[in-house]
Amino acid sequence: MRVTALATLLALSGVVIAALVREQTGTEGFLVGLGLAVVPVPLLISAFRWLDRVQPGPWRNTVFAFAWGACAAALIAIVANSFATRWIETATADPTSADTLGATVIAPIVEESAKAAAVLLVFLFRRRDFSSVVDGIVIAGVTATGFAFTENILYLGNAFGTDQLAGTGPGLSSVTAATFFVRIVMSPFAHPLFTVLTGIGFGIAAVTAADRGRVRRILLPLAGLLAAMGMHAFWNGSSSLGEYGFFAVYAAFMVPVFGLVTWLAVFVRQRELRTVRQELPAYVAAGWVAPPEPFALGSLKARRLAREFAAHYGGRQAAQSVAEYESYATSLALLRHRGRRGRAGADFVVRERELLKELWERRGYARAALAYGSQIAAPMWLPPAYAGPPPPQGPAYTYNPYKY
């Protein structure tokens, strides 16, 4: 019932926001804006899914986040921004000041709060799918991608309508081309970058102990949200810094922050792989995991080779089984890591048993496939030292996963 109610809410929001945007842009402008706004979406979604390869979240969370951003968050923003701007204009009798305040104060607060609601919902109701900083980055980024998609339809559709009224052709000098260059070519990552700061706050809160640091678990998401609002306001205010203010802020601020956040996301992902290599040997000793698997599961290349091996010999179903095995094994390693540091929840034992059961049910294809993939990830193996004559000279012995 909860899923049905949420799907209905998003569908109704989508219908309403589509009608509002079409009313402002006209049918022709809406279609042009839709066609141009969809261009960066596959690239951005693919980038976030690529970032989430170590412990990929379910597609239902990705679909929900994008739908929330494109429908619910966009509807909240367009209604609240319009209402607040008109109220300020009426109160001050100064349309210029109202537009400036709306862009630099009202819009960042409303839009970032609306997008953060999706991250909060996943954090509360899909807690098992939200266990790291990368999860926060991905959910926040996909939500903002959906929001930017709808917003770009509005801006590009209005630009097209302006060109139609002015009789400007579809050349590079048109308003549509300029809007496309600024919003789609130069800054498709702007909205995702703002909201990712909120996601980082939720991600850090997700790895904080459930039984301690409750204030920190509340303050960190709020700090991330405030940072997102501040960065959004600074970006919107760059248009008032003169002819080259926008480009100066873009080059001196947006690009470095984008590079820093990208580095952080990749660093956290590599740390997760290192955690997998460090934690899974405990389950090797207990017999749940085969000896080569910590090396294979700690390497993205070895994981890919394992899936390809399974697909070649067992088909699509076998490859899916191996992919699920990799995901459950990663969750198990991260769960044990949190447990050793005293940051696991009260359901640690229950969750560990569930993950071990999922691994055991998929071990058929997975063990052979991961043994194959481990050949490029396992360290070199040398025979142990022994008393007596020195061993014969020759090439080093390589680790053979099939021997164990």
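## Reading helices, cores and hollows

Modeller: At Val196, helix 7 has a bend of about 25°. Keep in mind that this is a predicted model.

Colleague: How many residues does helix 7 have, and what span should they give?

Modeller: A helix is expected to advance 1.5 Å a residue, so the 17 residues of helix 7 should span 24 Å. The end C-alpha atoms of helix 7 are 25 Å apart, which agrees. Helix 7 is also mostly covered, with 16 of its 17 residues buried.

Colleague: What does the same check give for helix 1?

Modeller: Helix 1 covers residues 2-37, which is 36 residues. A straight helix would reach 52 Å, but the end C-alpha atoms of helix 1 are only 31 Å apart. Now look for a bend: helix 1 turns by about 110° at Gly26.

Colleague: Which residues of helix 1 are buried, and which helices do they pack against?

Modeller: The buried residues of helix 1 include Leu10, Ile17, Val21, Phe30 and Ala37. Glycines are on the list too, namely Gly14, Gly29 and Gly33. The buried residues of helix 1 pack against helix 2 (41-51), helix 3 (59-92), helix 5 (133-166) and helix 6 (175-186).

Colleague: Which residues touch the most other members of the largest nonpolar core?

Modeller: The largest nonpolar core has 66 residues, and those touching the most other members are Trp68, Phe130, Ile137, Leu193, Met231, Trp235 and Met254. Helix 3 provides the largest share of this core, 13 residues. A second, separate core has 22 residues, among them Ala302, Ala310, Ala318 and Tyr325.

Colleague: What is Trp68 in contact with, leaving aside its neighbours within four places in sequence?

Modeller: On that count, the contacts of Trp68 are Leu6, Leu10, Ala73, Ala74, Ala114, Ala117, Ala118, Leu121 and Thr143. Leu10 is also one of the buried residues of helix 1. For the chain as a whole, take the contacts with a separation of 6 or more: 77% of them join residues 24 or more positions apart.

Colleague: How is empty space found, and what is the volume of the largest pocket?

Modeller: The general idea is to roll a probe the size of a water molecule over the atoms, which shows where empty space is left. In this model, the largest pocket has a volume of about 1200 Å³. It is lined by 39 residues, of which Asn81, Ala107, Glu111, Glu151 and Tyr155 are the closest to its centre. Helix 5 gives the most to this lining, with eight residues.

Colleague: How many cavities of 30 Å³ or more does the structure hold?

Modeller: There are two of them. The largest cavity has a volume of about 70 Å³. Its lining includes Arg49, Asp52, Asn61, Asp129 and Asp135. Helix 3 and helix 5 are the elements that give two or more residues to the lining of the largest cavity, and helix 5 has the largest share, three residues.

Colleague: Is Leu241 buried or exposed?

Modeller: The cut-off for exposed is over 50% relative accessible area. Leu241 has 52% relative accessibility, so Leu241 counts as exposed. Its place is in the loop between helix 8 and helix 9 (245-279). Leu241 is 40 residues from Pro281 in sequence, and the two are 57 Å apart in space, C-alpha to C-alpha.

Colleague: What does the whole chain come to in helices and strands?

Modeller: The chain has 14 helices and zero strands. Of its 404 residues, 46% count as buried. Along its principal axes, the C-alpha trace spans about 95 × 50 × 40 Å.

Technical notes:
Residues numbered from 1 in each chain as written. Predicted model: local features only at pLDDT ≥ 70, side-chain atom pairs only at ≥ 80, totals over all residues. Heavy atoms only, no water. Helix = DSSP H or I, 4+ residues; strand = E, 2+ residues; numbered from the N terminus. Expected span 1.5 Å × (residues − 1). Bend = angle between axes of the 7 residues up to and from the residue. Buried < 20%, exposed > 50% of the residue type's maximum accessible area, 1.4 Å probe, protein only. Contact = heavy atoms within 4.5 Å. Core = buried A, V, L, I, M, F, W, Y, C linked by side-chain atoms within 4.5 Å. 1 Å grid on protein atoms, 1.4 Å probe; cavity = no way out; pocket = protein on both sides within 12 Å on 5 of 7 lines; lining within 4 Å. Points joined across faces, edges and corners; volume = space filled by probe spheres on them.
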